Amino acid sequence: MDKDSPDKSFTIPASLPLLPIRDAVVFPSMILPLFVGRDVSVQAIETALEGDRLLALATQRDPEIEEPGPDDIYSIGTVGMIMRLMRLPDDRLKVLVQGLSKIKIVNFLRTEPHIDVEVEELPVEEAPEWTVEVEALIRSVSEKIADLLPLRHLPPELLSITANVEDPGRLADLVAANLRLRVDEAQETLEILDPVRRLRRVESLLLRELAVSSMQVEFQTAAREEMNRTQREVLLREQMRQIQEELGEGDDRSCEIEELRGRIASAGMNEEALAESERQLERLARMHPDSSETQVVRTYLEWMVELPWSAASDDNLDLKVSREVLERDHAYLHKVKERILEFLAVHKLRGGGGSKGPILCLVGPPGVGKTSLGRSIAQAMGRSFIRMSLGGMRDEAEIRGHRRTYVGAMPGRIVQGMRQGGTNNPVFMLDEIDKLGADYRGDPASAMLEVLDSEQNFNFRDHYLNVPYDLSRALFIATANLVDPIPRPLLDRMEVIRLPGYTPEEKEVIARRFLVPRQIEECGLKSENVKVSRAAVREVITGYTQEAGVRSLEREISRMLRKVARRIAEGEAESVSITLRNLQAHLGPAPVINEAIPRTAEPGLARGLAWTESGGEVLAIEATIVRGRGLILTGQLGDVMKESGQAALSYVRWRAAELGIADALQRNEVHVHVPAGATPKDGPSAGVTMATAILSLLTGNAVRADVAMTGEITLRGRVLPVGGVREKAMAALRRGIKRLIIPEANRNDLEEIPPELARKMEFHFVRDMEQVLEFALTDPLVPKAKGRRRGSRIGTSALGS
């Protein structure tokens, strides 16, 4: 028998030398290399080589035992043939053996110098008859081998070999020999003699190995990708570092960290902010530069170092210069200017430090210069100016900022404005504070409570920064058209300064000093190109605009000068003079502004005065009667104004019998209408006007056309004070009405009216409706029956008559 090619026809002797195997199970037809080093194993191989090269191959139960005994070796094994032998330098042998058939160890004959065993050949399993079950089992095993082949390092020829094997027992041995099975599982499979059962066992093991291998491949793929990315980044960074060293450049990341460290140290932060910044800087230094969290921390630190923690501008403490700046940019508005000069005076006496900035609220109609005044105040004080519009703001995070847990989080508008200003004592204008809203995202007005409280804003906490920031040195100036929409707690924290509307004389001064020169420059003209007469300016004010401010006036002036610019640009003229005579050529005919106010005295028509966010207004209140009972109020009136109408009618009913109008009231329904129905109206000041219109209608006594009135009425006819007297007086003067009836309690409000205008008007102060009717009706009322007893009449008084 050739030493390298064993003969396939052999007879198993009754006794064979035994080679104990530690970690493997040899199946029939399996070729396996073994490294042999134990003396008993070397002697067994030497004995087999001297004979027919056959030996018994059995697996140890415990691979750690160096000298196994009969109880340490499985009884079922395989007859193996030594195919090749290689002697190694360390006296070990490398043996290539091939399993031939299964045997059972019957008895141990000797253990020295090698182990001889008595064996018994197990009967060869006969191939079962072909059945559908066997065929399906063979195909299933073959398919699983095909699936497992790319996942495990199996011999590539295994697939072709198994595809040609039709014997289930041999197929089971082939597959089991090439799977990485545990010793106990392989031994259990070897001991199954039924070929179909053994193949089913191998199929279940294949299924498990397939699942394990698939999961293992997923893990390896993910680990390999991560490893490759990490190794690539390490390699690239090392290459970058070497390139920077060659170019003489430093490590950008180290430079960035050191730069941030230096900026934090020099920012002048408070203790808590400094500790938080240093903590975040240490986190940044430990983070991977390309992670998303790194960018979040970097952005946070950029905000921290760019905020003006200690940087402050030096206030201009020269009160004379500050007054000149305020007077240069704005005419009138004396209350605001005096308040700013008072603050600067206190600041100067305190040595230029330690005084908290006031919190002002400028309330007035549109166009009177509230916003532009804030910029002038900042210039007069030598401070930076920040403007934040609050109109329509509904999210609390706009004020306090977003927490850093949110993607794209940013500080609130307050902190953003402080960074924009660059100092911790700017003039901070909160424009349109009465337009703040609220919804499910929070109430910004409540968030403003901390900002505008001088006892709290030194420790303002933005959600994004999460450290205290001092706002107490900033001068906050809020603007509003109305006080009513501002929540009471917020209004209580501000010093309210009311800016009244301008008189025609004041508008003329503003137009000539500011508006006309500014629009000449805006239109590309020069002062020598155009001249505007005083009469033309007055006509634009009274005939083309009707407002408390000067915004529409400036638009009309701009429209007028644009036509002049076109004429000069087209070469029609080198200079143009605008006078009252040629004004219509530039602006067209004057709009009919006063059409809603009749100029004739009629029963049931009275002229009332109202205050709106745009200034004062004159209302023509009409009354009529129709068949029915009760009261109809139209003209888009608010609840308070409707209640005033009910009170006026109740007063008229109270006096109906005395004046002989009871039958008319009982048979008819009173309808009171306030024209301009598309405009919302509200307030109690039209009560006396409604009562006068109803009494005038029912008695047939007309109301004088040159009289306007205001005041709240009670059920007993008393006249209560109202607000906005100055604006109402200016509105009446604009409409050509010079006789006003106002409550006696409002007498002191006349001090707000310029004396030159007060001399043009006649004011009648009243305490009850009898005085109102005495001044308002063309003819005195004559009682037709003895009426109810009322309070004593109070004498009248007039100013400027």
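**Helices and their packing in the predicted model**

S41 comes out as buried, because its relative accessibility is just 3% (buried means under 20% relative accessible area, exposed over 50% and partly exposed in between, with a 1.4 Å probe and protein chains only). This is a predicted model, so local features need pLDDT of at least 70 and side-chain atom pairs count only at pLDDT 80 or more, while totals for chains, interfaces and linings use all residues. Residues are numbered from 1 along each chain as its sequence is written, and side-chain values use heavy atoms, with hydrogens and water left out.

S41 sits in helix α1 (residues 39-50); helices (H or I, at least four residues) and strands (E, at least two) are DSSP runs, numbered from the N terminus. Leaving aside residues up to four places away in sequence, S41 touches L19, P20 and V36, where contact means heavy atoms within 4.5 Å.

Next comes a helix pair. Helix α2 (residues 132-148) packs on helix α4 (residues 168-178) at an angle of about 20 degrees, and their axes are 11 Å apart. Axes here are lines fitted to C-alpha atoms, for helices over the stretch in contact, and angles run from 0 to 180 degrees between N-to-C directions. That makes α2 roughly parallel to α4 (under 35 degrees is roughly parallel, over 145 roughly antiparallel, 65 to 115 roughly perpendicular and the rest oblique). On the α2 side the contact is made by V134, I138, V141 and I145, and on the α4 side by P168, L171 and V175. Sorted by class, this contact has 7 nonpolar, no polar and no charged residues; Ala, Val, Leu, Ile, Met, Phe, Trp, Tyr, Cys and Pro count as nonpolar, Asp, Glu, Lys and Arg as charged, and the others, Gly among them, as polar.

Helix α11 (residues 334-349) has 16 residues, so at 1.5 Å a residue it should span 22 Å, and its end C-alpha atoms are indeed 22 Å apart. The expected span is 1.5 Å times one less than the number of residues. Buried residues of α11 include V336, I340, F343 and H347, and its buried residues pack against α10 (319-329), β7 (359-363), α12 (370-381), β12 (475-480) and β13 (495-498). Just after α11, G351 takes a positive phi of about 85 degrees.

Helix α19 (residues 551-569) has 19 residues and reaches 27 Å between its first and last C-alpha, close to the 27 Å expected. Among its buried residues are L553, I557, M560 and V564. The partners of the buried α19 residues include α17 (504-522), α18 (534-544) and β15 (576-578). G571, just after α19, has a positive phi of about 80 degrees.
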